[in-house]
Amino acid sequence: MARITPHVSFEFFPPKTLDASFRLWETARGLAPFSPDFVSVTYGAGGTTRKLTHEAVTTIKRHYGLEVAAHLTCVEATRDETMKIVQEYADAGIREIVALRGDAPKGQERFTPHPDGFANSVELIQAIAARGDMTIRVGAYPEPHPDGSGTDSDVAWLKRKIDAGASSAMTQFFIEPGTFFRFRDKCAAAGIDAPIIPGVLPIQSWKGARRFAEATGTSVPQWIDDAFEKTDGDPAAERELATRLCVELCEKLIDGGVERLHFYTLNRPELTRDVCLALGVKPTRALENVA
């Protein structure tokens, strides 16, 4: 039986420099032909990129015609300030929000709610849902959240977020498909029937990906360390390996019933483009040279 062609979505982060701005626009332009279901734009730790996120979201919506989901957190803002941002997005024609608790500001070990702010993501979701005009997406953690008490707790929190008004979830990245399938099964057993979209990280740099894994609590099997070590730091060999591993992961997810994939692009379109093409995701118009 032929393998299905997945629906795709992409995550970008807001630029902080002129060069980074050019890279973001190049990435959006390079991946737009794949007609993603949506693209999301992240929010810096502690809300540090609040203005930059807004500018990136509205620019992508205006210039590329993509459905944009803006990340929004509870960090260091009052309820009124946070909901004002939601209204500003609505005024700009944005109809999707990725509602997150958010990471602690730099220098703080744990998230502490603003005295007049939302205590957690569930409260934020409830407030946005009460408006009745936004599609709300949330994060999910197939491996224990660094601030959580284990996968069962993470599943329970996801159930609360869906019940509060979220319509789908994108997972933190993972390396082996079994990690996602075990989490999906636990979610189904808990009565979660909203789509859970696997978050896929095309590995631009193994050193960078490994640091990211350590920060997020993502387990790293020995075999993948060994595989990248054999490339001897050769960029072409590392890219070929990264592409092959990402395609294989996606194929196994699709064979396991996954219909949607969310790619963490890190504002680099090349690997994501190559993986999409390998999976049979056909561009609706000619792809520009982004290599």
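This is a short tour of the ring contacts, the sheet and one helix pair in this structure. Keep in mind that the model is predicted.

**Aromatic pairs**

Let's start with the rings. The model has 5 aromatic pairs. One of them joins Phe173 and Phe212, and this pair is stacked, with 5.2 Å from centre to centre and 20° between the planes. The two partners come from distant parts of the chain, 39 residues apart. Phe173 sits in the loop between strand 6 (168–171) and helix 6 (177–189), while Phe212 belongs to helix 7 (residues 206–216). Are these two rings buried or exposed? Phe173 counts as buried because its relative accessibility is 5%, under the 20% cut-off. Phe212 is partly exposed, since its relative accessible area of 32% falls between 20% and 50%.

Phe174 and Phe180 make another stacked pair: their ring centres are 5.8 Å apart and their planes lie at 20°, an angle under 30 degrees. Phe174 counts as buried at 2% relative accessibility, and Phe180 counts as buried at 0%. Ring pairs also bring in Phe181, so that Phe174, Phe180 and Phe181 are linked into a cluster.

**Charges over rings**

Arginines turn up on ring faces too. Here are two such contacts, with the distance to the ring centre.

| Arginine | Ring | Distance to ring centre |
|---|---|---|
| Arg137 | Phe38 | 3.8 Å |
| Arg160 | Trp157 | 4.4 Å |

In the Phe38 case, the charged end of Arg137 is what sits over the ring. Arg160, for its part, lies over the face of Trp157.

**The sheet**

Now for the strands. There is an open sheet of 9 strands, paired in parallel and running in the order 7-6-5-4-3-2-1-9-8. Which strands form the edges? They are strand 7 (196–197) and strand 8 (199–200), each of which has a pairing on one side only. Elsewhere in the order, strand 1 (residues 7–12) pairs with strand 2 (residues 39–41) in the parallel sense, over 3 bridges. Along that pairing, Phe10 stands opposite Val39 in strand 2.

**A helix pair**

Last up is a pair of packed helices. Two packed helices are described by the angle between their axes and the distance between the axes. For helix 4 (residues 121–131) and helix 5 (residues 151–164), the angle is about 15° and the axes are 8 Å apart. How do the two run relative to each other, roughly parallel or roughly antiparallel? Angles under 35 degrees count as roughly parallel, so helix 4 and helix 5 are roughly parallel to each other. Their crossing is right-handed.

Methods: Residues are numbered from 1 along each chain as its sequence is written. This is a predicted model: local features need pLDDT of at least 70, side-chain atom pairs count only at pLDDT 80 or more; totals for chains, interfaces and linings use all residues. Side-chain values use heavy atoms; hydrogens and water are left out. Rings of Phe, Tyr and Trp (its six-membered ring) pair if their centres lie within 6.5 Å; planes under 30 degrees apart count as stacked, over 60 as edge-to-face and the rest as tilted. Helices (H or I, at least four residues) and strands (E, at least two) are DSSP runs, numbered from the N terminus. Buried means under 20% relative accessible area, exposed over 50%, partly exposed in between (1.4 Å probe, protein chains only). A charge sits over a ring if NZ of Lys or CZ of Arg is within 6 Å of the ring centre and within 35 degrees of the ring normal. Two strands pair if DSSP finds at least two bridges between them. Axes are lines fitted to C-alpha atoms, for helices over the stretch in contact, and angles run from 0 to 180 degrees between N-to-C directions. Angles under 35 degrees count as roughly parallel, over 145 as roughly antiparallel, 65 to 115 as roughly perpendicular and the rest as oblique. A crossing is left-handed if the near helix is turned anticlockwise from the far one by less than a right angle, and right-handed if clockwise.
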